[in-house]
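Trainee: Could you take me through this structure step by step, so that I learn how to read it?

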Amino acid sequence: MNDQPFTNQATNQATKQSTKTAEIILTGDRATGPLHLGHYVGSLKQRVDLQNHHQQTILVADMQGLTDNAHNPTKVSSNILNVVADYLAVGINPAKTTICLQSQLPALAELTMYYSNLVTIARLERNPTVKSEIQSKGFERSIPAGFLTYPISQAADITGFHATLVPVGDDQLPMLEQTNEIVRKLNSLAGKKILKECRPLLSNASRLPSTDGKNKMSKTMGNTINLGASEKEIREAVKSMYTDPNHLRIEDPGSVDGNVVFTYLDAFHPEAAYVEELKAHYQRGGLGDGTTKKILEECLQEMLRPIRQKRTEFLSDKAQLIEILSKGSEISREKTQQVLVDVKEVFGLNIL
Ligand code: ATP
Ligand code: MG
């Protein structure tokens with residue numbers, strides 16, 4: 001852990017960020033559960049790097065978390081600080097990255113309202129990620145309006161910071177497309193460039209599967225290996241991993257395609273050349289699933305041990321987490337308010 005408390009460093013966020021490059025980064029995570037390995041490879045790892053070179057804001061999306069959890073709001077409220085602790089535990093530094101809470105930025109809700117006039121229901125219904133989420137959540141007959149429109153609220157989040165680069169998993173690509181459509185419509189209405197288009201930054205593991213290989217690892221599906229997972233949870237998760245069902249005996253040649261153990265080794269093992277050797281050995285036969293699982297388990301245990309420890313330390317000081325979130329939200333409130341003024345101007349609603 002750092003010697004200096006993050007709360008002191010957080011005060012300097014705005015000044016420090018002003019010396020960085022022109023690229024503005026906005027990412028976020030729904031506060032619907034603790035963060036998991038999918039977040040780590042899909043986006044968190046990149047954010048730790050990016051914070052050294054760019055202006056970066058990370059948004060804890062609590063309002064968006066409610067769009068499919070309004071019947072159980074404590075699921076969202078009880079996870080806000082968990083998510084902040086996860087950020088800090090993997091190396092997000094609030095002196096370099098502004099961490100803020102979506103519900104504390106009223107300009108974002110207002111922007112969502114204005115943008116919703118630029119998007120048709122048919123367009124929202126075509127969004128492939130929303131479509132598959134509606135199906136998996138069993139919403140077919142009763143889709144909350146907030147859920148169907150959450151891509152508009154994400155457009156508000158991104159444009160509210162004039163973000164140009166968004167590190168995300170591939171499920172978010174349709175949201176970025178939707179955002180850029182709104183940007184183009186608004187700019188065309190204004191007759192000048194009020195908002196900026198953004199581009200995604202994908203990692204090489206932009207959709208980490210769950211251990212059974214059937215779905216994307218996600219909080220809602222309950223199929224995660226969390227960053228705070230215990231040694232036992234990690235061991236059991238790896239043991240239960242889907243491999244090649246036709247690889248019955250050790251000497252049989254096995255397939256690495258769709259074999260979750262190898263997908264995870266590719267994503268997490270620090271030595272790519274060694275993983276390639278393992279793959280070749282597995283494919284020609286003579287390497288058992290017990291051995292590959294053991295190698296993966298050791299790799300994950302080693303990676304997650306310090307993260308778990310830091311996470312526990314950060315969670316033991318909730319006041320510090322709240323202070324970080326509150327300072328970051330204060331800075332972000334001002335930024336997003338300015339964008340709202342510009343957008344209202346386009347609609348001629350700044351007369352008072
Ligand atoms: P929920 O089930 O509540 O939607 P989630 O696990 O999908 O939660 P989000 O908060 O929706 O997580 O996603 C936050 C960010 O992490 C997004 O950029 C998303 O693309 C990325 N992400 C989430 N799951 C994965 C995954 N399995 N692989 C790669 N990236 C992921
Ligand atoms: Mg999600």
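Mentor: We will go through the domains, the ligand and the charged pairs in turn. This is a predicted model, in which local features need pLDDT of at least 70 and side-chain atom pairs count only at pLDDT 80 or more, while totals for chains, interfaces and linings use all residues. Residues are numbered from 1 along each chain as its sequence is written, chains are lettered from A and ligands numbered from 1 in the order in which they are written, and side-chain values use heavy atoms, with hydrogens and water left out.

Trainee: How far apart do the C-alpha centres of domain 1 and domain 2 lie?

Mentor: Domain 1 covers 6–208 + 318–346 and domain 2 covers 231–308, with bounds that come from an automatic or database domain assignment. The distance between their C-alpha centres is 34 Å.

Trainee: How much area do domain 1 and domain 2 bury between them?

Mentor: The size of an interface is often given as the accessible area lost when the parts come together. Buried area here is the accessible area (1.4 Å probe) that two parts lose on being put together, summed over both. Of the area between domain 1 and domain 2, 85% is on carbon and sulfur atoms, and the total is about 640 Å².

Trainee: Which helix gives the most to the side of domain 1 that touches domain 2?

Mentor: Across this interface of domain 1 and domain 2 the rule finds 0 salt bridges, a salt bridge being a side-chain nitrogen of Lys or Arg within 4 Å of a carboxyl oxygen of Asp or Glu. Helices (H or I, at least four residues) and strands (E, at least two) are DSSP runs, numbered from the N terminus. Helix H3 (37–50) and helix H6 (80–90) each supply at least two residues of that side of domain 1. With 4 residues, the one that gives the most is H3.

Trainee: Which residue has a side-chain N or O atom 2.7 Å from an oxygen atom of ligand 1?

Mentor: Among the 21 residues around ligand 1 (each with a heavy atom within 4 Å), those that come nearest are Thr32, Asp171, Leu208, Lys216 and Thr220. The side chain of His36 has an N or O atom 2.8 Å from an oxygen atom of ligand 1. At 2.7 Å, the residue you ask for is Lys216.

Trainee: Which residue forms a salt bridge with Glu23?

Mentor: Side chains of opposite charge can pair when their charged atoms come close, and the structure holds 17 salt bridges. For Glu23, the closest N and O atoms of the pair are 2.7 Å apart, and the partner is Arg199.

Terms used. Polar contact = N/O pair within 3.5 Å; in protein donor to acceptor, adjacent residues only side chain to side chain.
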